[in-house]
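Biologist: Hi! I'm new to this one, could you walk me through it?
Modeller: Happy to, let's look at it together.

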Amino acid sequence: MSFIWQFSRKHGELWFYKFATFLAGCYFCFFLQAQFQWTAVVAAAFTGLLGTFIPQTKRIDSVHVHANIYMGAFVAMGSKVVSAGLWEILLVSIIGSTVYFALTPYLKGFGGRLGAIAFISSLLGIAMRLWL
């Protein structure tokens, strides 16, 4: 029983870090577009640029903080979901971080994975918005 608790605690913490960084990237890009009327590309590029200044440590190495920030910015850049409001940003971030968390052991490298996950999470966010 202790093993199960340790396993779920470790993975729950890892998922939360992925979710928090995904949400931060998505919300910050959305904020730049909404408040300062920046174009989507400039807002996403600036978000990604700021994300690169987060230092790479052993503790956050498995979280892929930079990749999550980029994916959040991708979603905010290319999706109309984020124009709907904060709840949709939260929903898309939950979907995106969960998809990324689930696919991380199976997909190696970053080539195409970040954009694909951003696309999938945006698509599922739109579908959930229509269904709910």
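Modeller: One definition to begin with: the expected span of a helix is 1.5 Å times one less than its number of residues. Also keep in mind that this is a predicted model.
Biologist: Thanks! So how far does helix 4 reach from its first C-alpha to its last?
Modeller: Helix 4, residues 65–78, reaches 20 Å, close to the 20 Å expected for its 14 residues.
Biologist: And is helix 4 largely enclosed or not, and why?
Modeller: Helix 4 is largely enclosed by the rest of the structure, because ten of its 14 residues are buried. Among them are Val 65, Ile 69, Met 71 and Val 75.
Biologist: Changing topic, where is confidence lowest and where is it highest?
Modeller: Confidence is lowest in helix 3 (residues 58–61), with a mean pLDDT of 70, and highest in helix 2 (residues 40–51), at 91. The protein chain averages 80, and 83% of the residues score at least 70.
Biologist: Nice. How many aromatic pairs does the structure hold?
Modeller: There are nine. One of them is Phe 16 with Tyr 17, a tilted pair at 6.4 Å centre to centre and 55° between the planes. Phe 16 is partly exposed at 47% relative accessibility, and Tyr 17 is partly exposed at 32%.
Modeller: Tyr 27 and Phe 30 also form a tilted pair, with 6.2 Å between centres and 45° between planes.
Biologist: Why are Tyr 27 and Phe 30 separated by about one helical turn?
Modeller: Because they are three residues apart in helix 1 (residues 2–36).
Biologist: Which cluster do ring pairs link?
Modeller: Ring pairs link Tyr 27, Phe 28, Phe 30, Phe 31, Phe 36, Trp 38 and Phe 46.

Note on methods. Residues are numbered from 1 along each chain as its sequence is written. This is a predicted model: local features need pLDDT of at least 70, side-chain atom pairs count only at pLDDT 80 or more; totals for chains, interfaces and linings use all residues. Side-chain values use heavy atoms; hydrogens and water are left out. pLDDT is the predictor's confidence in each residue, from 0 to 100. Helices (H or I, at least four residues) and strands (E, at least two) are DSSP runs, numbered from the N terminus. Buried means under 20% relative accessible area, exposed over 50%, partly exposed in between (1.4 Å probe, protein chains only). Rings of Phe, Tyr and Trp (its six-membered ring) pair if their centres lie within 6.5 Å; planes under 30 degrees apart count as stacked, over 60 as edge-to-face and the rest as tilted.
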